[in-house]
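Here is a quick tour for anyone about to look at this protein at the bench. Keep the structure open while you read.

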Amino acid sequence: MSFNIKRIIGILGTLALLVLMWYVSNIVVYLLISIVISLVCAPLLHLLDKITIKNKPFPGWASALIALVTVYIALISFLSIFTPVLAEEVRIIATLNMDDVYTAFSEPVRFLEQKAEEYNIQPDPSMTNREYVKTKVLGLMDLSQIPDFFAGLVSGLGNVLIAFFSISFISFFLMKDRWIVGGMIEALTPDKYMAQVKEVLSKSKKTLTRYFVGLIIQVSLITALLSITL
């Protein structure tokens, strides 16, 4: 009976936790992003741990601040490189004549028309297949939504700033007090499983750190090669 009660309490507790996570989903997302940032910065933090000042270890808050500033510099560098390119592409696309674009696709459109006639397909009886295809193609390339997209982006700037400061705040303390996540997990772990959980946490942290760092290096190299060659 006691086992069933424990199971019921465990299920109810899990459901309550899931409901709570649903209502504070933004905070959960911020926490996950902050954990990824702390994992990516782990090699830099370990390097800073080797620094001593007058035979005293480098302050944890200073290491976290340097790592966070490094992330900011990398992010700003990325945006400074790609934002002008993206803005120029949007400007070029905005000047396109959609009828000319449709004309450029005349051969594929003609092929679709032939197949539709061959199999007696007419999606919309109120118009010819050519008119129907043209409407759909031009609809896919409709640029009128671009201003609405940027307007929504500007209106959501407040949420972006909240997310930025929240992630920065959480990341700073995760890197300053690196025991927080592990300590929370260990606090919820029964004593008989403590050794296994510590081993899993240690291996998982190393594996995830290598994965995210390797992923960033891979993306950076591919981006650099494509930018140079194209």
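## Surface and overall layout

About 17600 Å² of the protein chain is exposed, and carbon and sulfur atoms account for 71% of that area. Bear in mind that this is a predicted model. Of the 230 residues in the protein chain, 17% are buried.

As for the fold, the protein chain has 11 helices and 2 strands. Walk along the sequence and you get α-α-α-β-β-α-α-α-α-α-α-α-α. Take the contacts in the protein chain between residues at least 6 apart in sequence: 68% of them join residues at least 24 apart.

## The largest nonpolar core

Which residues make up the largest nonpolar core? There are 11 in all: Y30, I37, C41, L45, A64, A67, L68, A163, I167, F172 and M175. The elements that put in two or more residues are α2 (25–40), α4 and α9 (157–176). With 4 residues, α9 gives the most to this core.

L68 is a handy place to zoom in. Leaving out residues up to four places away in sequence, L68 touches S168, S171, F172 and M175. Two of those names, F172 and M175, also appear in the list of core residues.

## One side of helix α3

Helix α3 covers residues 42–49, and its buried residues are A42, L45 and L48. They span an arc of only 120 degrees around the axis, so they sit on the same side of α3. L45 is also a member of the largest nonpolar core.

## A nonpolar patch on the outside

Now for the surface: L75, F78, L79, I81 and F82 form a nonpolar patch there, with about 460 Å² of accessible area together.

Is I81, one of the patch residues, buried or exposed? I81 counts as exposed because its relative accessibility is 52%, and the cut-off for exposed is over 50%. You'll find I81 in helix α4, which runs over residues 60–94. Helix α4 is also among the elements that give two or more residues to the largest nonpolar core.

## Two salt bridges

How many salt bridges does a search of the whole structure find? The search turns up 2. As a reminder, side chains of opposite charge can pair when their charged atoms come close.

One of them joins K176 and D177, with the closest N and O atoms 3.5 Å apart. K176 is partly exposed, at a relative accessible area of 32%. D177 counts as buried because its relative accessibility is 18%, and buried means under 20%.

The other pairs E199 with K203, where the closest N and O atoms are 3.0 Å apart. Both E199 and K203 belong to helix α11, and they are 4 residues apart, about one turn of the helix. E199 has 44% relative accessibility, so it counts as partly exposed.

## S202 in helix α11

S202 is another residue of helix α11, which covers residues 194–229. At 38% relative accessibility, S202 counts as partly exposed.

How far apart are the C-alpha atoms of S202 and G182? They are separated by 9.0 Å, and the two residues are 20 residues apart along the chain.

Note on methods
Residues are numbered from 1 along each chain as its sequence is written. This is a predicted model: local features need pLDDT of at least 70, side-chain atom pairs count only at pLDDT 80 or more; totals for chains, interfaces and linings use all residues. Side-chain values use heavy atoms; hydrogens and water are left out. Buried means under 20% relative accessible area, exposed over 50%, partly exposed in between (1.4 Å probe, protein chains only). The arc is that of the directions from the helix axis to the C-beta atoms. Patches are made of residues with over 30% relative accessible area and no salt bridge: like charges are joined within 9 Å, nonpolar side chains (Val, Leu, Ile, Met, Phe, Trp, Tyr) within 5 Å. Accessible areas come from the Shrake-Rupley method with a 1.4 Å probe; for residues, only the protein chains shown count as cover. A salt bridge is a side-chain nitrogen of Lys or Arg within 4 Å of a carboxyl oxygen of Asp or Glu. A nonpolar core is a set of buried Ala, Val, Leu, Ile, Met, Phe, Trp, Tyr and Cys residues joined through side-chain atoms within 4.5 Å. Contact means heavy atoms within 4.5 Å.
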